[in-house]
Amino acid sequence: MASSALISDTEPWEELKAHVEDIKKTHLRDLLSDAHRSQSMIVEFDDVLLDYSRQNATLATIDKLFKLAEAANLKQKINRMFAGEHINSTEDRSVLHVALRAPRDAVIQSDGKNVVPDVWKVLDKIQEFSERIRSGSWVGATGKALKDVVAVGIGGSFLGPLFVHTALQTEPEAIKSAKGRQLRFLANVDPIDVARNITGLNPETTLVVVVSKTFTTAETMLNARTLREWISAALGPSAVAKHMVAVSTNLTLVEKFGIDPNNAFAFWDWVGGRYSVCSAVGVLPLSLQYGFPIIEKFLKGASSIDQHFYSAPFEKNIPVLLGLLSVWNVSFLGYPARAILPYSQALEKFAPHIQQVSMESNGKGVSIDGVPLPFEAGEIDFGEPGTNGQHSFYQLIHQGRIIPCDFIGVVKSQQPIYLKGEVVSNHDELMSNFFAQPDALAYGKVRFYSGTTIDASVIQTRENLQKENAAEHLIPHKTFSGNRPSLSLLLPSLNAYNIGQLLAIYEHRIAVQGFVWGINSFDQWGVELGKSLATQVRKQLHAFRTKGEPVQGFNFSTTTLLTRYLE
Ligand code: F6P
């Protein structure tokens with residue numbers, strides 16, 4: 001396919017469109033009885049198991065998706081990413097988050113320069129700094145050790161680190177290593193978030209890490225000034241040097257802000273904000289909390305998936321399969337959303353992180369060459385840990401709209417509980433749901449079923465329904481069609497390494513979707529307009545408060561709202 005052509009103009013796209021009719025005639029109930037199909041749809045790498053046999057897809061669908069990948073030059077695009085080419089063409093940048101977790105001796109070039117030594121220089125600096133803070137050899141202005149950290153940042157400078165922190169919080173090795181330290185995140189410009197974050201903290205024992213790629217983001221800079229004031233007011237202005245450090249690509253602005261450049265941790269424009277958790281953005285606050293060795297394991301997990309993504313053939317390549325299946329669901333079957341359902345409370349911040357990575361990356365209306373897309377790209381991601389979600393929005397997924405689901409399970413719990421006298425462990429109880437829900441979605445519950453291979457507990461006969469005291473008029477309410485797609489990812493445990501694996505699987509999956517749709521998944525121009533309109537409003541608020549200037553230059557609706565707010 002010529003680089004400027006749209007993927008929707010290719011033959012494989014047309015073939016997949018036509019193939020939807022074949023798939024509509026199938027039901028997961030029958031597809032799942034084909035052992036050969038099911039076996040072919042289970043893939044394993046580095047102890048991560050993907051089962052996509054509950055997708056509305058046959059082996060022919062997968063073949064057709066591989067043809068689509070070929071038409072989209074997927075392999076070449078992956079190679080170009082790893083080769084440091086400027087695939088983020090609208091910002092003229094490489095996309096090299098994979099270099100952030102590459103082994104020390106790897107060679108990854110951007111603009112003719114191997115970036116890996118620079119990455120490791122910063123990682124070494126983080127290790128040394130975090131050890132000084134954690135050991136108490138670096139002390140605050142009053143001579144006390146800094147045991148608590150507030151990371152100030154928003155979007156990509158917040159969500160990824162929060163996800164990893166939340167996931168590690170109950171991991172035994174991480175608990176031991178955290179030794180009662182606290183890590184908090186201040187993201188929202190809402191003063192309530194400031195109040196919540198500093199409540200219970202003592203400036204004397206707190207280190208503030210300002211995290212901003214650009215060091216211009218309005219929310220982060222205001223929150224940073226607010227915490228600078230909090231420290232200065234309590235300990236004097238000279239205390240800032242001891243109590244505030246920064247992570248940024250813009251070291252000039254860091255210095256201007258008053259943070260010692262020696263206490264600034266760099267990253268580079270070839271790291272997108274939402275892909276920056278493996279840079280100092282995540283590694284610094286997380287190393288302060290858990291120690292560098294644990295975070296290095298997290299990087300290794302991500303790196304293992306990077307290698308797999310780069311080198312595994314597509315039929316065994318977990319991120320590629322996931323990405324292609326997403327395209328199938330969104331662009332051909334017409335399912336615009338995806339539910340991310342981790343059966344682990346430790347992953348409660350995973351969906352919010354993936355929401356940004358996916359929706360900021362692939363929420364685009366034009367191709368990478370600026371041609372309006374004749375199809376919708378991107379998908380709506382949301383999710384909650386199981387089993388909480390089951391008691392919230394699953395009803396809609398079972399009987400309402402069709403929403404492909406990602407079930408994420410873990411073999412070994414971080415915090416197992418075995419109660420005396422109970423039949424199964426508490427984790428087994430959780431995982432019973434992880435195994436049951438995909439089948440409930442796939443099989444549904446019907447009046448009659450004449451097949452033989454269906455689990456009777458899932459498929460109810462008319463008699464069973466009647467035994468359930470279902471009056472005839474209730475049967476339509478109590479039956480449901482099934483055939484609802486999901487996939488299952490099973491991780492061996494949830495240690496730092498596995499958390500890194502999970503992150504990289506989703507990052508690459510999202511890139512695959514963008515590569516196939518032919519969009520730029522690495523810019524985010526859409527968020528700019530709101531920011532510049534807020535600047536206009538800010539000026540108006542200032543003019544009113546300082547000079548009493550009336551609200552002007554806005555439309556009727558905004559004028560009315562602003563006037564009400566100001567008066
Ligand atoms: O508003 C979107 C965004 O630009 C994100 O892409 C980014 O992660 C976030 O703002 C924060 O940006 P920064 O790290 O530069 O403060």
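This is a short talk on the sheets, the helix packing, the ligand shell and a few backbone details of one structure, which is a predicted model.

Let me begin with the sheets. One of them is an open sheet of six strands, and reading across it the order is β1-β2-β13-β12-β10-β11, with mixed pairing. Its edge strands are β1, residues 42–45, and β11, residues 380–383, each of which pairs on one side only. If direction is ignored, neighbouring strands of this sheet are turned by 15 degrees against each other on average.

Two of the pairings in that sheet show what mixed means here. At one end, β1 and β2 run antiparallel and are joined by four bridges, and within that pair Ile42 stands opposite Asp51 in β2. Further in, strand β12, residues 405–410, and strand β13, residues 486–491, pair in the parallel sense over six bridges, with Cys405 standing opposite Ser486 in β13.

The turn between β1 and β2 deserves a pause for anyone who checks backbone torsions. The hairpin has two residues between its strands, and in it Asp46 takes a positive phi near 50 degrees. Asp47, which is found in the loop between β1 and β2, the latter being residues 48–51, has a phi near 70 degrees, again a positive value in a residue other than glycine. As background, most residues other than glycine have a negative phi, and most peptide bonds are trans.

That brings me to the peptide bond from Gly386 to Thr387, which is cis in this model, with omega near 10 degrees. Thr387 lies in the loop between β11 and α17, where α17 covers residues 394–399, and β11 is, as I said, an edge strand of the six-stranded sheet.

Now to another sheet. Five strands form an open sheet in the order β6-β5-β7-β8-β9, and here the pairing is parallel. The edges are β6, residues 182–186, and β9, residues 264–266, each pairing on one side only, and the twist averages 20 degrees from one strand to the next. At the β9 edge, strand β8, residues 244–248, pairs with β9 in the parallel sense over three bridges, and the bridge partner of Val247 in β9 is Phe265.

Next, the helices. Two packed helices are described by the angle between their axes and the distance between the axes, and I will give both for three pairs.

Take α13, residues 280–290, and α14, residues 292–311, which pack at an angle of about 135 degrees with their axes 7 Å apart. That angle makes α13 oblique to α14. The contact is made by Val283, Leu286, Ser287 and Tyr290 of α13 together with Phe292, Ile294 and Ile295 of α14, and by class those residues divide into six nonpolar, one polar and no charged.

Helix α14 also packs against α21: their axes come within 7 Å and cross at roughly 40 degrees. That makes α14 oblique to α21, and α14 passes α21 in a right-handed crossing. Among the residues that meet here are Ile294, Ile295, Phe298 and Phe309 in α14, and Ile499, Leu503, Ala504 and His508 in α21. Counted by class, the contact of α14 with α21 has 13 nonpolar, six polar and three charged residues. Note that Ile294 and Ile295 of α14 take part in the contact with α13 and also in the contact with α21.

The third pair involves α21 again, residues 496–517, this time with α5, residues 74–82; they pack at an angle of about 125 degrees, with their axes 10 Å apart. The two helices are therefore oblique to each other, and α5 passes α21 in a right-handed crossing. In this contact Leu74, Lys77 and Met81 in α5 meet Ala511, Val512, Phe515 and Val516 in α21, which gives six nonpolar, no polar and one charged residues.

Finally, the ligand. Which of the 14 residues around the ligand come nearest? They are Gly155, Gly156, Ser212, Thr217 and Gly273. How many residues of the shell around the ligand are nonpolar, polar and charged? The shell divides into two nonpolar, nine polar and three charged residues, with glycine counted among the polar ones in this scheme.

Note on methods
Residues are numbered from 1 along each chain as its sequence is written. This is a predicted model: local features need pLDDT of at least 70, side-chain atom pairs count only at pLDDT 80 or more; totals for chains, interfaces and linings use all residues. A residue is near a molecule or strand if its C-beta atom, placed from the backbone, lies within 6 Å of it. Axes are lines fitted to C-alpha atoms, for helices over the stretch in contact, and angles run from 0 to 180 degrees between N-to-C directions. Angles under 35 degrees count as roughly parallel, over 145 as roughly antiparallel, 65 to 115 as roughly perpendicular and the rest as oblique. Two residues are in contact if their C-beta atoms, placed from the backbone, lie within 7 Å. A crossing is left-handed if the near helix is turned anticlockwise from the far one by less than a right angle, and right-handed if clockwise. Two strands pair if DSSP finds at least two bridges between them.
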